[in-house]
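Here's a quick briefing to read alongside the model. Have the viewer open and click through as you go.

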Amino acid sequence: EQLRQAVTAMPKAELHIHIEGSLEPELIFALAERNGVRLAYPSVDALRQAYAFKDLQSFLDIYYAGASVLLQEQDFYDMTAAFLERCERDNVRHAEIFFDPQTHTARGVAMETVVSGIHRACQDSPVSATLIMCFLRHLSEEDALATLDAALPHRDKLIGVGLDSSEVGHPPEKFARVFARCRDLGLHLVAHAGEEGPPAYIASALDVLKVERLDHGVRILEDAALTARVAREGIALTVCPLSNTKLRVFDQMRDHNLVQLLDAGLLATVNSDDPAYFGGYMNDNFIAVFESLPLTLAHAKTLARNSFAASFLPAEQKRRFL
Ligand code: ES4
Ligand code: ZN
């Protein structure tokens, strides 16, 4: 209806997108062919059939398998270019893109290949796009420190660093030293926290890592004092509705707590996380929440506005969008 039209047409910013999670099955098969990589699935349809997840880990296993077709600089370029074209269609004017270099360097792909391919696609797109390098939390802090060292020649191509992959059992404080170094380098800091993990992980992401934004963070409402603090400090949450239902953080979209997060005064945003795996891009996420939750046009405007307010765009560029 009208609300759907308004929501899809609004200019928006995407603040939580794993670029490897934008690899569509068709592109996975095309790249496998191009690179002579053998896949465990016989067809695009068979691969897509496997996209039935019971939790974060069951998704991550297949997500890392999909990324195994990325070998050449052009592969990283093509993946990123395809995503940025989808941004244009969804009226996403700015994207802060996560990438997972360790997924690739562990297979012998050079850091340079990964960063150059993704960055070149960003430069060639009319969409404003910046890069956030994520450390895999299931690996050691030593591995993260070595990854940061390998990325130092590309410092100018990064706006920040993040923390992703298996949350439970890998609390933020495991990465205290590497985040302190990133902070000294002037990088922006974010971390996944409170997706499957408890509110204590949100508190340590803030207090130990000193993150400026929380990725997911939906479990924050289990701690009223923490909720009040994050609202007061204006720290944003990058919420990913389709991801949360596909990974069973919430059983159904009508159970999602987005309205409660906004009502608590939190700077919540809507994002796509891994759009090729979770059933949709930015506008699909907006349509899904507006169909299932009591959200109004005023909420839509707040969410679009929050997406730019919570971005790491310089103040003068933010003003153009706000
Ligand atoms: C992720 Cl949904 C999610 N959570 C944690 N790590 C991730 N990496 C890619 N998608
Ligand atoms: Zn994520």
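**A quick tour of the predicted model**

Leu136 stands opposite Asp164 in β4. Keep in mind that this is a predicted model. That pair sits in an open sheet of eight strands, so let's start with the sheet, then move to the helices, the ligand shell and a few single residues.

**The sheet as a whole**

- The eight strands line up in the order β1-β2-β3-β4-β5-β6-β7-β8, and the pairing is parallel.
- β1 (12–18) and β8 (267–270) stand at the edges with a single partner strand each, so one side of each has no neighbour in the sheet.
- From one strand to the next, the twist averages 25 degrees.

**Strand by strand, β1 to β4**

- β1 pairs with strand β2 (residues 92–99) in the parallel sense, over five bridges.
- If you want a residue to click on there, Ala13 has His94 in β2 as its bridge partner.
- β2 and β3 also run parallel, joined by six bridges.
- Phe98 is the residue standing opposite Ile132 in β3.
- Strand β3 (residues 128–136) has seven of its nine residues buried, so the rest of the structure largely encloses it.
- β3 is joined in turn to strand β4 (residues 160–164) by five bridges, and these two run parallel.
- Besides the Leu136 and Asp164 pair, Met133 has Val161 as its bridge partner in β4.

**A closer look at β4**

- How many of the five residues of β4 are buried? Five of the five are, so β4 is largely enclosed by the rest of the structure.
- In a regular strand, side chains alternate between the two faces of the sheet.
- In β4, Gly160, Gly162 and Asp164 point one way, while Val161 and Leu163 point the other way.
- Both sets are buried, as all of these residues are.

**Helices on the sheet**

- Helix α15 (residues 282–292) packs on the sheet and touches β1, β2 and β8.
- The direction of α15 makes about 115 degrees with that of β8.
- Helix α16 (residues 297–309) lies across β1, β7 (236–239) and β8, and runs at about 100 degrees to β8.

**The α8 and α9 pair**

- The axes of α8 and helix α9 (residues 176–184) come within 8 Å and cross at roughly 20 degrees.
- Angles under 35 degrees count as roughly parallel, and that makes α8 roughly parallel to α9.
- On the α8 side, Glu141, Ala144, Leu145 and Leu148 make the contact; on the α9 side, Arg177, Val178, Arg181 and Cys182 do.
- Sorted by class, that contact has five nonpolar, no polar and three charged residues.
- Ala146 has its place in helix α8 (residues 141–151).
- Ala146 is partly exposed, because 15 other C-beta atoms lie within 10 Å.
- Ala146 and Val178 are 32 residues apart along the chain, and their C-alpha atoms are separated by 9.5 Å.

**Around ligand 1**

- Which residues surround ligand 1? The shell is made of His18, Gly21, Leu56, Tyr63, Asp164, Ser165, His192, Glu195, Ser243, Asp273 and Asp274.
- By class, that shell has two nonpolar, five polar and four charged residues.
- Asp164 in this shell is the β4 residue we met opposite Leu136.

**Asp273, up close**

- Asp273, another shell residue, lies in the loop between β8 and α14 (275–278).
- Is Asp273 buried or exposed? Asp273 counts as buried, because it has 29 C-beta neighbours inside 10 Å.
- Leaving out residues up to four places away in sequence, Asp273 touches His16, Ile17, His18, Gly21, Cys240, Ser243 and Phe278.
- His18, Gly21 and Ser243 from that list also belong to the shell around ligand 1.
- Asp273 and Pro25 are 248 residues apart along the chain, with their C-alpha atoms separated by 16 Å.

**Gln252, out in a loop**

- Gln252 is found in the loop between α12 (241–246) and α13 (258–263).
- Why does Gln252 count as exposed? Gln252 has 9 other C-beta atoms within 10 Å, and a residue is exposed if that count is 12 or fewer.
- Gln252 and Leu242 are ten residues apart along the chain, and 9.5 Å separates their C-alpha atoms.

Notes: Residues are numbered from 1 along each chain as its sequence is written. Chains are lettered from A and ligands numbered from 1 in the order in which they are written. This is a predicted model: local features need pLDDT of at least 70, side-chain atom pairs count only at pLDDT 80 or more; totals for chains, interfaces and linings use all residues. A residue is near a molecule or strand if its C-beta atom, placed from the backbone, lies within 6 Å of it. Ala, Val, Leu, Ile, Met, Phe, Trp, Tyr, Cys and Pro count as nonpolar, Asp, Glu, Lys and Arg as charged, and the others, Gly among them, as polar. Helices (H or I, at least four residues) and strands (E, at least two) are DSSP runs, numbered from the N terminus. A residue is buried if 20 or more other C-beta atoms lie within 10 Å of its own, exposed if 12 or fewer, and partly exposed in between; C-beta atoms are placed from the backbone. Axes are lines fitted to C-alpha atoms, for helices over the stretch in contact, and angles run from 0 to 180 degrees between N-to-C directions. Angles under 35 degrees count as roughly parallel, over 145 as roughly antiparallel, 65 to 115 as roughly perpendicular and the rest as oblique. Two residues are in contact if their C-beta atoms, placed from the backbone, lie within 7 Å. Two strands pair if DSSP finds at least two bridges between them.
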